[in-house]
Every structure is written in structure tokens, then in C-alpha cells.
Amino acid sequence: MRYISTRGQAPALSFEEVVLTGMASDGGLYVPEEVPQLSAEALEAMAGLSYAEIAFRVMKPFVNGEIDDETFRGIVRDAYATFSHDAVVPLNQLDANHFLLELFHGPTLAFKDVALQLLGRLLDHFLAKRGERAVIMGATSGDTGSAAIEGCRHCDNLDIFILHPHNRVSEVQRRQMTSVLADNVFNIAIEGNFDDAQAMVKASFADQGFLNGTRLVAVNSINWARIMAQIVSYVTAGVALGAPHRQVSFCVPSANFGNVFAGYMAYRMGLPVKQFIIATNANDILHRTLAANDFSKQELKATLAPSMDIVVSSNFERLLFEAYERDG
Ligand SMILES: N[C@@H](CCOP(=O)(O)O)C(=O)O
């Protein structure tokens, strides 16, 4: 399995290379060359398995043998042992046909822990193997930053720099990020909003001269491994609710479009999904795009949910790539 850019001008990468990068050199985002398939039998066989075992089975084709099975199982097991609930992402039944997928049992209580507890460990594994050290960069309106720092603070082979908009993250998440006493963790409060922070991270990828050759890696959902790990939650929920024999609809709050895109990938892999409902707040670029083809930038509105406050949803490019039959 190779990974290709949504813009068609960057070299195809292996899984290891795609984890150890961020944006493609042509400004695009990496996606797998083919979408691995989960057969009805494979989904049936997942009933009753632990989250870690389902995660191993769902992600194995993406890893493509680049980590041996025993080591990868261990990495996955360690990542999800940090969650306070045995089911990792339990379903809470609200009504006859209405369930809440609880994604808040990780160390920072943000759903980002699902992917970032794994990504930190994958990065450390590959960097140790190469004998390299890397700079990890991320932009956050609060949740990604806290979860990325928690996922990377114990890693021996990386330094992590998180940019957050000054005075525009929740107080809890500001403290989660800035009170970590680890020599490899650096918080930078910028003047501006999340999109300004994200633009700075993307600009750093476009011009890496200032790094003197040190590798730069992204922890935002522009990194494919973030999407890959989030696919697992959808498959786990779908199987618990009767897949492959029953279709499920998912309603997902979405800002950068990474989480719901992971759901779409689960669907493309074979999970029977009836519908995705995307929830936004006043920063509604996704609603405007899907309802009226309007992907224009509008002034960011600060709301009570800063994690949802975004001007442009980066991962929408991955969906466009699929919608246009993968024509980069
Ligand atoms: N709310 C997020 C937005 C960035 O999302 P990501 O999924 O691309 O990391 C944040 O923490 O800023």
C-alpha cells in the first residue's frame, strides 16, 4: 500500500513515510492508493472483540507489514490501555434507536486521544528505528493540542511545538497544554485564531529551511495516521450495533472534517452506513458547502465551543478528491 497526494504532484509514500510527515510537498494531503476492504465476514468476526483487537484488524492493511504484527499489536494495546473505560469508546443508549458514542474516556477527555495516543507511539517507534529525532508541529483551538502533548510527552525521539490562539482556547485545555512539565513540550500562544495557527503550521511545511534538515511532522488531521486511527471508532460502534447486518447513521460535530472523513472511510471500507449528519456551529463552512456549494472564507465567530471554531476545514480536500474520482 502506497499513499498518494490529493493534488497528484507529490511522490507516493510508504506508511512509515506518511506517518513521519504532514502535508504533501505539492500542498495536498495524503490518502491511501487503494481503500482496503472489510468483508461482511471480517465485520462479523469482530463482534465481541476488544477495542484494541478491532483496531489492530482495521488498521493492519494501512500499516502494510511495515511494523510486524506483534509489535503493532503491542503499540495499539498500550495506546488504548490509557483509556479509563474498558470499552475505550463505549456506546451509551439514549433511546430505542439512539446511541451516544462516548469518545471522552482518554487522558485529556477529548476525542482526539483516540488517534493521538496511537500517533505518539507510532512516531516514537519509527524514529527510534531510524535513530532520528523529529520536530512535531500542530495548531489547535484546544483539543488537538492537549491530546497531542499527552500523546507525545513521554516520547524519547521528538520535540513537540503546539500553536494555540492566545485567549481563544478553553481554560481547561489551556492548562492541560501549558502545565505539562516536560523538556520536549513547547506551547506557543499566537495573536490570531485557529486558522492563523493552522496557516503557520502549513507554511512551515511549505518552507522547512529553518529546520536545518530536522524532520517536521504534523499532528493535526492532515497526518493520515490521525484519520486511520479514527476509522476504528466507527467500525467498533457499527459492529456493536449490528454491522454487517444493520446500517447505522452517524451524527458528527465537525470542524476540520477529520473525524467525519474517517467515518466516510469506514463506509468506503465496507461498514454499512446509511447517512452521515455533520453538525457545525456558527462557523458553518461545511453546511454552506454541502447545502449551497459555498466554500468561501467568512470571518471566524468566537463561540462557546472553540474546538468547533474554524474558517476552513482542511480535510474537506480529501472528500473532494474522492468526489472527483481521485483526479488530483
Ligand atoms: N478543534 C481542533 C481543530 C484541529 O483539528 P485537527 O483534527 O486537524 O487536529 C483543534 O484542536 O484545534
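Let's start right after helix α5, where G131 takes a positive phi of about 65 degrees. Keep in mind, everyone, that this is a predicted model.

Now back up into α5 itself. How many of its 18 residues are buried? The count is 13, so α5 is mostly covered, given that buried means under 20% relative accessible area. Its length checks out too: 18 residues at 1.5 Å a residue should span 26 Å, and the end C-alpha atoms are indeed 26 Å apart.

One of the elements I'd like to pair with α5 is α4, residues 69-81. The same check works there, because its 13 residues should span 18 Å and the end C-alpha atoms sit 18 Å apart. Which residues of α4 are buried? They are F72, G74, I75, V76, A79 and Y80. As a general reminder, an α-helix has 3.6 residues a turn, so residues three or four places apart point the same way. And the cover over the buried residues of α4 includes α3 (51-63), α5 (113-130) and α9 (224-240).

Let's take two of those partners in turn, α5 to begin with. The axes of α4 and α5 come within 9 Å and cross at roughly 140 degrees. That angle makes the two helices oblique, because only angles over 145 would count as roughly antiparallel. Their crossing is right-handed. On the α4 side the contact involves T71, F72, I75, V76, D78, A79 and Y80, and they meet V114, Q117, L118, R121, L122 and H125 of α5. By class, that contact has eight nonpolar, three polar and two charged residues.

Now for α3. It packs against α4 at an angle of about 130 degrees, with the axes 9 Å apart. This pair is therefore oblique as well, and α3 passes α4 in a right-handed crossing. From α3 we have Y51, A52, E53, A55, F56, M59, K60 and V63, meeting D69, F72, R73, V76, R77 and Y80 in α4. Here the classes come out as nine nonpolar, no polar and five charged.

Last stop, away from the helices: M137, in strand β5, residues 134-139. Buried or exposed? M137 counts as buried, because its relative accessibility is 9%. Setting aside neighbours within four places in sequence, M137 is in contact with F161, L163, V201, S204, L216, V217, A218 and V219. Take F161 from that list: M137 and F161 are 24 residues apart in sequence, yet their C-alpha atoms are 4.9 Å apart in space.

That's my tour, thanks for listening!

Technical notes:
Residues are numbered from 1 along each chain as its sequence is written. This is a predicted model: local features need pLDDT of at least 70, side-chain atom pairs count only at pLDDT 80 or more; totals for chains, interfaces and linings use all residues. Side-chain values use heavy atoms; hydrogens and water are left out. Helices (H or I, at least four residues) and strands (E, at least two) are DSSP runs, numbered from the N terminus. The expected span of a helix is 1.5 Å times one less than its number of residues. Buried means under 20% relative accessible area, exposed over 50%, partly exposed in between (1.4 Å probe, protein chains only). Contact means heavy atoms within 4.5 Å. Axes are lines fitted to C-alpha atoms, for helices over the stretch in contact, and angles run from 0 to 180 degrees between N-to-C directions. Angles under 35 degrees count as roughly parallel, over 145 as roughly antiparallel, 65 to 115 as roughly perpendicular and the rest as oblique. A crossing is left-handed if the near helix is turned anticlockwise from the far one by less than a right angle, and right-handed if clockwise. Ala, Val, Leu, Ile, Met, Phe, Trp, Tyr, Cys and Pro count as nonpolar, Asp, Glu, Lys and Arg as charged, and the others, Gly among them, as polar.
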